[in-house]
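This report introduces a structure to a reader who has not met it before. Please keep the sequence and the three-dimensional view at hand while reading.

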Amino acid sequence: MKSAKNSIVVAGVLLVMGTVATPVGAQQVYRCGAEYTNNRARIAQGGCTPLTTGNLTVVRAGARAPQVARTSTTVARRTPAATPAAAPQRVVDSAQRARDEGAKGILQMELDKANQRLAELQKEYNNGTPDKLGPETKNHQKYLDRVAELKSSIARTESDIVGIRRELGRAGG
């Protein structure tokens with residue numbers, strides 16, 4: 001059995017209508033302008049046309065995982081989603097200050113480690129003429145590769161230090 005789907009977005013609500021026949025006992029859904037309803041009082045006011053499709057699925061726009069619900073009740077304009085029970089509460093200023101101080105401490109430790117690593121690399125680099133190690137005495141290319149790697153490590157560490165200092169500046173430290 002083939003089924004075609006039609007979609008309509010009404011006031012932020014995606015309405016998906018299938019072509020399956022209405023089951024026995026299900027209520028008829030009417031379209032009254034931009035509103036879908038089975039409310040007899042609203043239908044009696046006029047301007048409503050019955051939907052000929054079998055079912056109506058409502059998918060709320062903006063949801064992370066869309067929840068699909070088949071309904072024969074009134075689907076009016078989009079209602080705001082209920083706040084989840086696990087929604088974050090407002091953070092107390094003293095708690096936020098403590099977190100900020102912790103973050104500054106971590107950044108300062110990272111800066112100290114990076115400065116120490118830079119000093120070690122510069123000492124090993126020896127202004128572009130590091131001491132040759134065992135196999136490098138016979139293979140000059142290995143020596144050149146190690147010198148190039150030391151130079152790039154120094155540049156990367158200096159870049160890290162600049163970034164950490166920038167973050168410390170943003171954190172007010």
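Helices (H or I, at least four residues) and strands (E, at least two) are DSSP runs, numbered from the N terminus. From the N terminus on, the elements of the protein follow the order β-β-β-β-α-β-β-β-α-α, which comprises three helices and seven strands. The model is predicted: local features need pLDDT of at least 70 and side-chain atom pairs count only at pLDDT 80 or more, while totals for chains, interfaces and linings use all residues. Residues are numbered from 1 along each chain as its sequence is written, and side-chain values use heavy atoms, with hydrogens and water left out.

## Overall character

A residue is called buried under 20% relative accessible area, exposed over 50%, and partly exposed in between (1.4 Å probe, protein chains only). The protein has 173 residues, of which 25% count as buried. Its exposed area is about 12,500 Å², and carbon and sulfur atoms supply 53% of that area. Accessible areas come from the Shrake-Rupley method with a 1.4 Å probe; for residues, only the protein chains shown count as cover. A contact means heavy atoms within 4.5 Å. Among contacts between residues at least 6 apart in sequence, 48% join residues at least 24 apart.

## The disulfide and strand 4

How many disulfides does a search of the whole structure find? The search finds one, where a disulfide is taken as a pair of cysteine sulfur atoms within 2.5 Å. In general, such a link is a covalent bond between the sulfur atoms of two cysteines. Here C32 and C48 form the link, with their sulfur atoms 1.8 Å apart. C32 belongs to strand 3 (residues 30–32) and C48 to strand 5 (residues 48–50), so the disulfide ties together parts that are 16 residues apart in sequence. The link is right-handed, with 110° about the S-S bond, and both C32 and C48 are buried.

Strand 4 (residues 35–37) contains E35. E35 counts as buried because its relative accessibility is 19%. The side chain of E35 is joined to that of R42 by a polar contact of 3.5 Å. A polar contact is a pair of N or O atoms within 3.5 Å; within protein, one must be able to donate a hydrogen and the other to accept it, and residues adjacent in sequence count only if both atoms are side-chain atoms.

## Helix 2, helix 3 and the core

Helix 2 has 33 residues and reaches 47 Å from its first C-alpha to its last, close to the 48 Å expected at 1.5 Å a residue. The expected span is 1.5 Å times one less than the number of residues in the helix. Which residues of helix 2 are buried? They are K104, L107, L111, A114, L118, L121 and Y125, and the buried residues of helix 2 pack against helix 3. K104 counts as buried because its relative accessibility is 19%. A polar contact of 3.2 Å joins its side chain to that of E101.

A nonpolar core is a set of buried Ala, Val, Leu, Ile, Met, Phe, Trp, Tyr and Cys residues joined through side-chain atoms within 4.5 Å. The largest such core has 13 residues, and those with the most contacts inside it are L111, Y125, I154 and I161. Helix 2 (93–125) and helix 3 (140–171) are the elements that give two or more residues to this core. Helix 3 gives the most, with seven residues. Leaving aside neighbours within four places in sequence, I154 is in contact with L118, L121, Q122 and Y125.

S159 is also found in helix 3. The C-alpha atoms of S159 and A114 are separated by 9.9 Å, although the two residues are 45 residues apart along the chain.

## The loop between the helices

N126 comes just after helix 2 and lies in the loop between helix 2 and helix 3. N127 lies in that loop as well. The phi of N126 is positive in a residue other than glycine, and so is the phi of N127. The table sets out accessibility for these two asparagines and for S159.

| Residue | Relative accessibility | Class |
|---|---|---|
| N126 | 37% | partly exposed |
| N127 | 74% | exposed |
| S159 | 47% | partly exposed |

Phi is near 55° for N126 and near 55° for N127.
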